[in-house]
Amino acid sequence: MHRPHIQGLRGVAVLLVLLYHTGLGPDSGFIGVDVFFVISGFLITGLLLREHEQTGRISLLSFWARRARRLLPAGSLVLVATCALTWALLPASQWRTVGLDAVAAAGYVLNWRLAGQAVDYLHQGMAPGPLQHFWSLSVEEQFYLFWPLLLLVLLKLRSRAAVIVTGIAVVLLGSLALALTSTGSQSYFTTQHRVWELAAGALCAAVPPGQPRSGRASAGLGWIGLGLLCLTLVLVTPDTKWPGPQTILVIVASMLLVSFGASAFILARRPLTWVGDISYPLYLWHWPLVVLASRDAPLSTRDGLAIVPISIALAFLTSYLLENPLRRLRIVSTARVSIALGLSLMLVSGAAGIALTQAPSLGAPVNPVGAGRPVEVQKSASTLAPSPANALQDLPDLYARDCQTGLTEATVHPCEYDYRAARKGPSVVAVGDSRMAQWLPALQEVARERHWHLTSMTKASCPFTDARRAVTAQQADSCLAWNQSVLRRLLDSPPALVVTSDLDLYVTARDGTPLHGKANQNEMIRGAASRLTQLRRAHISVITLQETPTVQNNPADCVSLHLGHLATCSTPRDRATRNAGVLQAASKLSKVPSLDLTDHICTARQCPAVTGDVLIYRDAYHLTATYAQTLAPFIESGLQQLLTPKLVSELSLSR
């Protein structure tokens, strides 16, 4: 059944998203996705209920075949094209991530992959990929799989209308409760936190069935829905919890519009309905263009003004040259052929993603030097260790051993590296956040050479301090609890030496109020000094590794794009170290030594991305394991110079 106002509402939804992503519209334009969810729930449920009313049954095979014919050809085209454009235009450091995204998108499970990354510390701060928008399509495809099955079960029960409405309402309320009570960022992508929006549209189709939606009351409700949608554009911001309480306003507005929007004649006007007709390919094409256009610099207004017509042109061509002709082909009119075609397209899309993950990047140098010679701003590179494509995977092995405590965990997960030649030997413990974890490859080299028993105890985004972080209550509480557990372990079984380091800047809180500026810095110093003093008073030797310089975002991406002019990827040293000094001040306050390795990471003026054919940073905050390992001699010599002669002897370090 053709409903012009629904097509117009589709046009509004996709334009909101398009203008939001190109920077030409309101910052709340992302609500267009939520409008799409309501429309999909309404149309799909109405289609299934009408089929049952007319035939007495629902053909699952036919339903899924229609979805395959409608969605998979254009989706697969964009997936394959995006993989090709990624290989041609985006830095090699992004190929693996985009390839894996393509595989997940081809199977319509990208939302779950992104949900996992949302709680994965190692993926925080990563720029959105060109296929990230497939998360919403994944939610819808999963809905298309289980929703007909649910309706079939409900339709087999008595009092069909009441049972259907009740069943839909139960799904809606259950999912809404999850969305409102969730505190994790992953809930943005997960199906169980989003299905209530589709169920809201389904409810409009199911209750009351067949009631006329016309007259003055209907007209008023339609205009109220349009006004409410406009109101949400003003009230909602990118910082609003989503999905959350304000999402309900968007969903109510969308429900009113799908049910009574025919009276809001503006929605049925041809310009909007034409955009609605191409809304699906327009949604598919616009986001890869946004990402490609912003590969070197943030998207400008000029870029946005160019992306809009290009996206519309590609959507028009996809609709009229691919989608429409394919629907008219008799050969794909049967359910089995349509499903076979859909599965084939999914396999082709997945194969394109796999090929991208395996695309050859830079080769490895024969003799990577890294910090083995004085740091310099390397001019160019034809080989690198690690390659930019593998930078994010160049990690200390404690991650593979699942030793680092997660963001909201409090349990200590120690990693032990026993290099002792005899049963007795010095014990060294590394404690801190992921900045401490980055030093493990270097400490392992020293421990292996000097026959230590090395233990790491690290937690994501949690320094060794008694200061409270200004984050979620769960994360802040877990950090303090983890700190207490680590402290007890150290006091109960004192090692010969504790090594600690952390990020150069955290926001702390006092009495529930976040601190800023000098007050925050002072609280960080106090909290770190408190921990160091507790160890020193227990006669446990401790040394701090001063904060690593923080460089520009995505250094591996920059290196991939500027292999012939690597100086472009350097960060001025004064900018990279502007937040450093907390550990040095805390060390001075608590009278413990502090080792500064900045001169082996940066020159006097610049912090390069590459030196000695080694990529220094895996992201803006952390060294690659390869480069950290080349710093082992400087850690060893620093320990020799800063520790007492007795401890140097105990650790088998020669002066």
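The legends below describe close-up views of a predicted model.

The model is predicted, so local features need pLDDT of at least 70 and side-chain atom pairs count only at pLDDT 80 or more, while totals for chains, interfaces and linings use all residues. Residues are numbered from 1 along each chain as its sequence is written, and side-chain values use heavy atoms, with hydrogens and water left out.

**View A. Packing of helix 4 against helix 14.** Helix 4 covers residues 95–106 and helix 14 covers residues 335–357. Helices (H or I, at least four residues) and strands (E, at least two) are DSSP runs, numbered from the N terminus. The two axes are 7 Å apart, at an angle of about 165 degrees. Axes are lines fitted to C-alpha atoms, for helices over the stretch in contact, and angles run from 0 to 180 degrees between N-to-C directions. Helix 4 and helix 14 are therefore roughly antiparallel (under 35 degrees counts as roughly parallel, over 145 as roughly antiparallel, 65 to 115 as roughly perpendicular and the rest as oblique). Their crossing is left-handed (the near helix is turned anticlockwise from the far one by less than a right angle; clockwise would be right-handed). Helix 4 contributes Trp95, Arg96, Val98, Gly99, Leu100, Ala102, Val103 and Ala106 to the contact, and helix 14 contributes Met346, Ser349, Gly350, Gly353, Ile354, Leu356 and Thr357. Contact means heavy atoms within 4.5 Å. By class, the contact of helix 4 with helix 14 has nine nonpolar, five polar and one charged residues. Ala, Val, Leu, Ile, Met, Phe, Trp, Tyr, Cys and Pro count as nonpolar, Asp, Glu, Lys and Arg as charged, and the others, Gly among them, as polar.

**View B. Packing of helix 2 against helix 6.** The axes of helix 2 (residues 31–55) and helix 6 (residues 134–155) come within 11 Å and cross at roughly 30 degrees. The two helices are therefore roughly parallel. Their crossing is right-handed. Among the contact residues are Phe36, Phe37, Ile44 and Leu48 of helix 2, and Trp135, Phe143, Trp147 and Leu151 of helix 6. The contact of helix 2 with helix 6 divides into 14 nonpolar, five polar and one charged residues.

**View C. The six-stranded open sheet.** The strand order is 1-3-2-5-8-10, and the pairing is mixed. Two strands pair if DSSP finds at least two bridges between them. Strand 1 and strand 10 (594–595) are the edge strands, each pairing on one side only. Strand 2 (residues 427–432) runs parallel to strand 3, joined by six bridges. In this pair, alanine 430 stands opposite serine 456 of strand 3. Helix 17 (residues 440–450) packs on the sheet and touches strand 1, strand 2 and strand 3. The direction of helix 17 makes about 165 degrees with that of strand 3.

**View D. Strand 1 at the edge of that sheet.** Strand 1 and strand 3 (residues 453–458) run antiparallel and are joined by four bridges. The bridge partner of glutamate 416 in strand 3 is threonine 455. Side chains alternate along strand 1 (residues 415–418): Cys415 and Tyr417 point to one face and are buried, while Glu416 and Asp418 point to the other and are not. Buried means under 20% relative accessible area, exposed over 50%, and partly exposed in between (1.4 Å probe, protein chains only).

**View E. The three-stranded open sheet and its loop residue aspartate 511.** The strand order is 4-6-7, with antiparallel pairing. Strand 4 (468–469) and strand 7 (513–514) are the edge strands. Two bridges join strand 4 to strand 6 (residues 508–510), and arginine 469 stands opposite threonine 508 in strand 6. Aspartate 511 lies in the loop between strand 6 and strand 7. Its phi is near 55 degrees, a positive value in a residue other than glycine. Aspartate 511 is exposed, with a relative accessible area of 76%.

**View F. Aspartate 613, with positive phi.** This residue is in the loop between strand 12 (610–611) and strand 13 (614–615). Phi of aspartate 613 is about 60 degrees, although the residue is not a glycine. Aspartate 613 counts as partly exposed, at 24% relative accessibility.

**View G. Cis peptide bonds before proline 243 and proline 386.** Tryptophan 242 and proline 243 are joined by a cis peptide bond with omega of about -5 degrees. Proline 243 is in the loop between helix 9 (215–235) and helix 10 (245–260). The bond from alanine 385 to proline 386 is cis, with omega near -10 degrees. Proline 386 is in the loop between helix 14 and helix 15 (397–400).
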